Amino acid sequence: MHSYIGITMGDPAGVGPEVILKALDSNNEFKSKYIVFGSTNLLKYYRKFLKIKKDIIEINDIEEYKDGYINVINVYDLNINNLNIGMVSPQCGDAAFKYVERAINSALNHEIDAVVTAPLNKEALHLGGHNFDGHTEIFAKLTKTNKYAMMLIGGPLKVIHVSTHTSLKNACDRVKKERVLDVIHLAYDILKKMKIDNPRIAVAGLNPHAGESGLFGMEEIKEIMPAIEEAKNLNINVDGPVPPDTVFIKAANGQYDIVVVMYHDQGHIPVKLLGFDKGVNMTVGLPIIRTSVDHGTAFDIAGKGIANEESMLEAMKTAELFL
C-alpha cells in the first residue's frame, strides 16, 4: 500500500514551482505518491517552460490521485501574467501560507502521511497577513505543538537547534537548562525513529572554548551542563558541552550522530558548508512528518529555469524514511 506525501508550492514568486516539477519529473523511484498543494495555472506554465515530460492533473481530494501524472490540489490559483517573479508581494505570501495550511490540515486528518515544503519568503508572509517567523512556527501553531525544534541534515551532519529565528542577543538569553534538555530529548527521539539504536548526541557550547570553565561565560556551567547531566541520568548517550569550533568536524567524521546547537547560525553554517545543495530542514516534535528544502526562495534566479532540485529530492527521500 502506497503512502501519500503532500508538497507545498512555497512562495509562487520563488523557485518552489520549478524545483518541485523537476524533482517529480526526475528518474528517481519514489516509494510514495506525491500531491502538490499549490496553483494549477502556475505549475502548468512552468511545466511548459521547463519542458517537463509528465502531465499535470488537477484533483479535488487525495482519492482522485492518478499514477503517471503530477497531481495538484488547486488551493490558491495564480496567473503568471499577474505575478512579479522574483519579487516580494503580499499575494504570494498569503498564497504560500494557504498552501501550507491546507497540507497541514490534510496531514492532521490522515489524508496524507507527510508534508514536504518548498521555500516561502518571510517578508511576503508578513505582508500577506500571517505573522510567523517561518515554516517551523506555522507548523507548531497549526498542530498545537509546544515542544519542537528545527533539525538540519546536510552531507555528513545532523544538527538540531535550541533557538532559531531570533537575534543573537536573544538567542543567548534562550540558552536555558529546560530548553536544552528538551532539545536533547527531541534529538534522541527523532534519531530513534530514523532507526539509530543508540544515538550519540553532542551538545555544542555557546561560548568560545565552551566557556573555558567560566572564563568566557557562565552559560555552560549554569544551564548547558546541568541539562546534559540530567539527560545522562536518563541513559541518553550525550556528550558536552563540546567547544563549537571542534564539535562539527568530530560529528562529520562519525563521532556523533547529531549536534545540539545553541542558535541559528551555529548550526546552519556548517551544514550549508558541507551539504548546501542537498540540505534538508525538518521540524522535530510535531504529530506529523514535515521536511523541507534547506534553501530560500532564491528570488535572484526564480523564473530562469536554473534552480537545483537536489535539496527537494533529499527532502522527499527523508520524509519517506519515516513512513
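**Exercise 1. Lys 51 and Lys 195**

Is Lys 51 buried or exposed? Work out the same for Lys 195, and describe the backbone of both residues.

Solution. The model is predicted: local features need pLDDT of at least 70, side-chain atom pairs count only at pLDDT 80 or more, and totals for chains, interfaces and linings use all residues. Residues are numbered from 1 along each chain as its sequence is written, and side-chain values use heavy atoms, with hydrogens and water left out.

Step 1. Fix the classes: buried means under 20% relative accessible area, exposed means over 50%, and partly exposed is in between (1.4 Å probe, protein chains only).

Step 2. Lys 51 has a relative accessibility of 69% and is therefore exposed. For Lys 195 the value is 65%, so Lys 195 also counts as exposed.

Step 3. Locate the residues. Helices (H or I, at least four residues) and strands (E, at least two) are DSSP runs, numbered from the N terminus. Lys 51 sits in the loop between α2 (40-50) and β3 (56-59). Lys 195 belongs to the loop between α7 (177-193) and β8 (201-204).

Step 4. Read the backbone. Most residues other than glycine have a negative phi, and most peptide bonds are trans. Lys 51 has a positive phi, near 60 degrees, and Lys 195 has a positive phi of about 65 degrees.

**Exercise 2. A peptide bond in β9**

Find the residues joined by a cis peptide bond and give omega.

Solution. The bond joins Gly 240 and Pro 241, and omega is about -5 degrees. Pro 241 is part of strand β9 (residues 238-242).

**Exercise 3. The packing of α1 and α11**

Describe how helix α1 and helix α11 cross, and list the residues that meet.

Solution. Step 1. Two packed helices are described by the angle between their axes and the distance between the axes. Axes are lines fitted to C-alpha atoms, for helices over the stretch in contact, and angles run from 0 to 180 degrees between N-to-C directions.

Step 2. The axes of α1 (residues 16-24) and α11 (residues 310-320) come within 8 Å, with a crossing angle of roughly 65 degrees.

Step 3. The crossing of α1 past α11 is right-handed. A crossing has this hand if the near helix is turned clockwise from the far one by less than a right angle, and is left-handed if anticlockwise.

Step 4. Contact means heavy atoms within 4.5 Å. From α1, Val 19, Ile 20, Ala 23 and Leu 24 take part; from α11, Met 312, Leu 313 and Met 316. By class, this contact holds 7 nonpolar, no polar and no charged residues. Ala, Val, Leu, Ile, Met, Phe, Trp, Tyr, Cys and Pro count as nonpolar, Asp, Glu, Lys and Arg as charged, and the others, Gly among them, as polar.

Step 5. Of the 11 residues of α11, 9 are buried, so α11 is largely enclosed by the rest of the structure. Among them are Ser 311, Glu 314 and Ala 319.

**Exercise 4. Two buried side chains**

Give the burial and the polar contacts of Lys 22 and Thr 318.

Solution. Step 1. Lys 22 is in helix α1 and counts as buried because its relative accessibility is 18%.

Step 2. A polar contact is a pair of N or O atoms within 3.5 Å; within protein, one must be able to donate a hydrogen and the other to accept it, and residues adjacent in sequence count only if both atoms are side-chain atoms. The Lys 22 side chain has such a contact with the side chain of Glu 18 at 2.7 Å. The Lys 22 side chain also reaches the backbone oxygen of Ala 307 at 2.8 Å.

Step 3. Leaving out residues up to four places away in sequence, Lys 22 touches residues including Leu 50, Ile 52 and Glu 309.

Step 4. Thr 318, in helix α11, has a relative accessible area of 8% and is therefore buried. A polar atom of the Thr 318 side chain lies 2.8 Å from the backbone oxygen of Glu 314. Beyond neighbours within four places in sequence, Thr 318 contacts Ile 153, Val 280, Met 282 and Thr 291.

**Exercise 5. Cysteines**

How many disulfides does a search of the whole structure find?

Solution. The search finds 0 disulfides, a disulfide being a pair of cysteine sulfur atoms within 2.5 Å. Cys 92 is buried at 1% relative accessibility, whereas Cys 172 is partly exposed at 29%.
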